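User: I am new to this structure. Please walk me through how to read it, one feature at a time.

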Amino acid sequence: MPEQLLFAIEVTLNGLMAGVLYALVALGFVLIFKASGIFNYAQGVMALFAALTLVGIQQGQVPFSHLINAIFGTHIHHFPWQVPSIIAIILAAGVMVFFAWLVEKYILQHLIGQPDIILFMATIGLAYFMEGFGDMMWGSEIKTLDVGLPQGLNVAIDETTYGWFGYGFFIDNLDLVATLVAIVLVTVLVIFSQYTKQGRALRAVADDHSAALSVGISLRFIWVLVWSIAGFVALVAGIMWGAKSGVQFSLSLIALKALPVLMLGGFTSIPGAIIGGLIIGVGEQLFEFAIGPMVGGATQNWFAYVLALVFLIFRPQGLFGEKIIERV
Amino acid sequence: MFYREAGDFKTSYKDDNQTFPIRLDRMGYYIVMFVAFCVVPFFVNDYWVNSVFAPFLIYAIAALGLNILTGYAGQVSLGTGGFMAVGAYAVYKLMVAFPDVSIVIHVLLAGGITAVVGVLFGLPSLRIKGFYLAVATLAAQFFLVWVFNKVPWFYNYSASGQINAPERSVFGVIVTGPNTEAWAKYMICLVFVVVLAWVARNLTRGMMGRKWMGIRDMDIAAEIIGVNPLMAKLTAFAVSSFFVGVAGALFFAVYLGAAEAGESFGIAKSFLILFMIIIGGLGSIFGSFAGAAFMVLLPVLLKNVLVGGLGWPTDLAAHLEFMVVGGLIVIFLILEPHGLAQLWRLTKEKLRLWPFPH
């Protein structure tokens, strides 16, 4: 096979893997949007916050140590213990649930009935707040996140493909794990929403708020639930991205990557988020591979948006979104 | 007792329709204008202009522009930073290419170029609405910044990738470049602000503004009563981008002096200006000013108190600033979705009756 084609296949595969990671973030958006009609801009910052909390707990950091040191002139930074990964993950998930409860109680409750765009802006405010809060709590230096996920070149794939084509594909182990995790996560979410009582309530709320209320579904509980799930998805995304590129501010920018995924897939569709993620992941890698060198590279920054924009002109509700019906 | 309409007789339609119908308001407006033009320029120094006045005035123009698009026409845009970059790079290219033409004309032309780009990116708004549009405008933000970083023609092939404002003057007074006096910077921004605010006020209360508000409140209904959505949306994008482009041009040429697209006009700028109009008040000219003042003064204040007063490290103060800004946005949206402008309106309502209960 010609070298160029093999390259393209490798790029496509890596694009698919990156797409899975985008889809993981997009999934959190879709969940909240479906259940509460809120477009949660803070999803990316939630991933950052979750990852920061996880690293902080794992390494036994003292929360707010910078603040305490600045006010009282002390020099504390770490507790004398380290927490095992699995316990740290559970604790971090607990923090995200608590956070979901706080958001519902102090923000969403007071904004019921406001126009969607106001809610959207409120989540931008929330994102800013959490960004400052996370840094204040755990410090803003770049942290490495290690929960024992395999990393680096997958030797088996490299050798097999070398045997077949005389050219070894470079596939990162972490990307493979992320793909597996994403598949498991989506399966669990689908089962949850199809076959459990809470899942059915969730779908009812997504369909019609007032109708759901009238048959005795507690909106508040559902919102806490759905923000908790979104927090959990954020934690998973935070672990994957954090293990890949370190826990730092740029992690929160994955939200911006997930937005075109959502537009492409439709805001209301879980399969849409997955397929949109894959299309964007492959599309931007291939575009960078084929066209990038001609125009100076770094096209990943905008390609996804422009692709989504062009696509939306032809289909305003995205690939799998519900048809937008407007009434006067 | 003093602040009321009583005794202020209107004898013509013109009087009835004036911007400040109450005498005290009018006097307040004239006093502000007098202080701004005749008092402040004699007392400002570099620190005040660079950290308060120049950013306030320039952001006020940008906020006016975004408020026209988002507050009046209801089209949420997250691409303000990108459009400011268009204004900045346009004015740079014009200044370098035509050194003999006045900078004022360059700034206005830069606004015009931005308006054209704005209309181009506004075209999808006919098909895409709400969140989808907000996200689509991010395409403008990222694409424009990328173009200015990657196409060397825009920064005249300079090695650093930066653009630097050459020295230009208006009526013999230097207004751009490193040798600019503080008051000259202040005055040129002030003149643009006053003129553009006047334009914005009169556009928004005329036929055009009414069409925009119709589209904002319900586009289908507006279409049925005869508003052409194509024209209304595209004019909103054009006028808004013109303002934002002028703001970007001034931001680069007068305020910064040197700029790099990704750093000076990144996504953070788009959000900053969006926050200004949320805190100030959507759909209000006064709100644009109040929001810009608030968002410019808050960091200066926090920095002075925390770093200067309490001796905190600067990074910690920066984190707290994020928290405060984010928290304030949420609190404002919960307590007063119409922003500072609404608070101002309520105060005036109260004042009209004071000291009587009814």
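Analyst: Start with a definition. The radius of gyration is taken over C-alpha atoms, and the globule rule is 2.2 Å times the number of residues to the power 0.38. Keep in mind that this is a predicted model.

User: What does the radius of gyration say about chain A?

Analyst: Chain A has 328 residues, so the rule for a compact globule gives a value near 20 Å; the chain has 21 Å, which agrees. Its C-alpha atoms fill a box of roughly 65 × 60 × 40 Å along the principal axes.

User: And what does it say about chain B?

Analyst: Apply the rule again. For the 358 residues of chain B, a compact globule would come out near 21 Å, and the chain has 21 Å, in agreement. The box for its C-alpha atoms is roughly 70 × 55 × 45 Å, again along the principal axes.

User: How much of each chain is buried?

Analyst: Burial is a count of neighbours: 20 or more other C-beta atoms within 10 Å make a residue buried, and 12 or fewer make it exposed. In chain A, 44% of the 328 residues are buried. In chain B, 46% of the 358 residues are.

User: What share of the contacts joins residues far along the sequence?

Analyst: Take contacts with a separation of 6 or more. In chain A, 73% of them are between residues 24 or more positions apart. In chain B, 75% join residues at least 24 apart.

User: Which secondary structure elements should I look for?

Analyst: Chain A has 14 helices and 0 strands. Chain B has 15 helices and 4 strands.

User: How do I read a single helix?

Analyst: Check its length, then its buried residues. An α-helix has 3.6 residues a turn, so residues three or four places apart point the same way. Now take helix 7 of chain A, residues 173-195. This helix has 23 residues and reaches 33 Å from its first C-alpha to its last, close to the 33 Å expected at 1.5 Å a residue. Its buried residues are A:Asp175, A:Ala178, A:Ala182 and A:Ser193.

User: Which helices do the buried residues of helix 7 pack against?

Analyst: In chain A, they pack against helix 1 (3-36), helix 8 (197-207) and helix 10 (219-245).

User: Can you show me a residue in a loop?

Analyst: Try A:Leu251. This residue lies in the loop between helix 10 and helix 11 (254-265) of chain A.

User: Is A:Leu251 buried or exposed?

Analyst: A:Leu251 counts as buried because 25 C-beta neighbours lie inside 10 Å. Beyond its neighbours within four places in sequence, A:Leu251 is in contact with A:Ala47, A:Leu48, A:Ala51, A:Gly238, A:Trp241 and A:Gly242. The C-alpha atoms of A:Leu251 and A:Val261, 10 residues apart along the chain, are separated by 17 Å.

User: What should I look for in backbone angles?

Analyst: Look at the sign of phi. Most residues other than glycine have a negative phi. B:Tyr157 has a positive phi of about 55° although it is not a glycine. B:Tyr157 lies in the loop between helix 6 (130-150) and strand 1 (163-164) of chain B. B:Phe171 also has a positive value, near 50°. B:Phe171 lies in the loop between strand 2 (169-170) and strand 3 (173-174) of chain B.

User: Are B:Tyr157 and B:Phe171 buried or exposed?

Analyst: B:Tyr157 is exposed, with 8 other C-beta atoms within 10 Å. B:Phe171 is exposed too, with 7.

User: How many residues of each chain are in contact with the other chain?

Analyst: 38 residues of chain B are in contact with 43 residues of chain A. On the chain B side, helix 6, helix 9 (219-224), helix 12 (267-280) and helix 14 (314-335) each supply at least two residues. Helix 14 of chain B gives the largest share, 14 residues. By class, this side of chain B has 30 nonpolar, 4 polar and 4 charged residues.

User: What confidence does the predictor give?

Analyst: Where pLDDT is low, the predicted coordinates should not be read in detail. Chain A has a mean pLDDT of 80, and 96% of its residues reach 70 or more. Chain B averages 87, and 100% of its residues score at least 70. Among the elements of chain A, helix 6 (residues 155-165) has the lowest mean pLDDT, 71, and helix 4 (residues 85-106) the highest, 88. For the complex, the predictor gives an ipTM of 0.80 and a pTM of 0.86.

Methods: Residues numbered from 1 in each chain as written. Chains lettered and ligands numbered in written order. Predicted model: local features only at pLDDT ≥ 70, side-chain atom pairs only at ≥ 80, totals over all residues. Expected span 1.5 Å × (residues − 1). Contact = placed C-beta atoms within 7 Å. Nonpolar A, V, L, I, M, F, W, Y, C, P; charged D, E, K, R; others polar. pLDDT = per-residue confidence, 0-100.
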